Amino acid sequence: ILDLGSGTGRNMCMMEKYAGANGRLVGLDIGQEMMAQARERCGSLPHVELMFQRIEEPLPFTEEFDHAFISFVLHGFEDEDKEKIIANVQKALKPGGVFWILDYNEFDLSRKPFYVKFAFTKVECPLAAEFVALNLREMLGRLGFGAFQEKLFAWKYVRLLGARKLPAGNSGGTFGG
């Protein structure tokens with residue numbers, strides 16, 4: 001499992017059990033304080049490796065992971081960098097691997113109550129309001145992903161989106177529930 005923007009390691013500690021006896025879990029982050037917390041929290045767990053690495057820069061992995069995960073990080077990047085991150089994941093995943101994105105769902109911010117508009121325009125990072133309008137599935141599809149599945153949370157404002165790395169020339173569909 002590749003964890004992009006692994007932060008304090010909280011998610012890595014939960015995912016470590018899915019790595020299996022011979023598995024590997026690699027967390028990438030650039031925050032020194034976050035990395036220190038991650039090392040303290042789950043650095044002693046077997047199969048866990050932490051790397052200081054920008055996720056929009058080329059990654060040193062080629063078809064090494066069955067899963068990649070990113071949690072509330074993607075919305076903080078410009079679209080050009082989102083595409084670089086997705087391309088990095090596409091390269092790092094084995095054929096058929098799945099990219100899991102936990103982040104804001106798509107919705108029309110102009111049709112939401114004032115407190116939601118306020119949260120996305122005054123509290124959250126400036127790119128969050130753009131992210132909720134982004135057709136992420138289309139972006140993922142252009143970059144070699146498809147067979148989407150999703151689960152919605154928090155009154156449908158948050159989505160866990162799974163996108164499978166497709167063989168070249170293939171697209172669309174969904175995969176297991």
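In the predicted model, the charges of the chain comprise 21 positive and 23 negative ones, and the mean positions of these two sets are 6 Å apart. The accessible surface of the chain amounts to about 9500 Å², and carbon and sulfur atoms account for 54% of this area.

The overall dimensions were examined next. Along its principal axes, the C-alpha trace of the chain extends over about 50 × 40 × 30 Å. The radius of gyration is 16 Å, in agreement with the value near 16 Å that a compact globule of 177 residues would have. Of these 177 residues, 45% count as buried. Contacts between residues at least 6 apart in sequence were also classified by separation, and 68% of them join residues at least 24 apart.

The secondary structure of the chain consists of six helices and seven strands. Read from the N terminus, these elements follow the order β-α-β-α-β-β-α-β-α-α-α-β-β.

The largest nonpolar core contains 38 residues, and the members that touch the most others are Leu2, Leu4, Phe99, Leu136 and Leu140. A further core of twelve residues lies apart from it, with Met12, Met35, Leu50 and Phe69 among its members. When neighbours within four places in sequence are left aside, the contacts of Leu4 are with Leu28, Ile55, Leu59, Ala68, Phe69, Ile70, Ser71, Val73, Ile85, Val89 and Phe99. Leu4 of the largest core is thus in contact with Phe69, a residue of the separate core of twelve.

Two residues of the loop between strand S4 and helix H3 were considered in detail. Strand S4 covers residues 65-71 and helix H3 residues 79-92, and His75 is placed in the loop between them. Phe72 lies in this loop as well. His75 has a relative accessible area of 6% and is therefore buried, the limit being under 20%. Phe72, by contrast, has a relative accessibility of 33% and counts as partly exposed, because this value falls between the limits of 20% and 50%.

Beyond its neighbours within four places in sequence, His75 is in contact with Lys82, Asp103, Tyr104, Glu124, Cys125, Leu127, Ala128 and Phe131. With neighbours excluded in the same way, Phe72 is in contact with Leu102, Asp103, Tyr104 and Val158. Asp103 and Tyr104 accordingly appear among the contacts of both His75 and Phe72. Between Phe72 and Glu49, which are 23 residues apart in sequence, the C-alpha to C-alpha distance is 21 Å.

Definitions and conventions
Residues numbered from 1 in each chain as written. Predicted model: local features only at pLDDT ≥ 70, side-chain atom pairs only at ≥ 80, totals over all residues. Heavy atoms only, no water. Helix = DSSP H or I, 4+ residues; strand = E, 2+ residues; numbered from the N terminus. Rg over C-alpha atoms; globule rule 2.2 N^0.38 Å. Buried < 20%, exposed > 50% of the residue type's maximum accessible area, 1.4 Å probe, protein only. Contact = heavy atoms within 4.5 Å. Areas by Shrake-Rupley, 256 points an atom, 1.4 Å probe, with all protein chains shown as cover. Lys, Arg positive; Asp, Glu negative; His and termini not counted. Charge placed at Lys NZ, Arg CZ, Asp CG, Glu CD. Core = buried A, V, L, I, M, F, W, Y, C linked by side-chain atoms within 4.5 Å.
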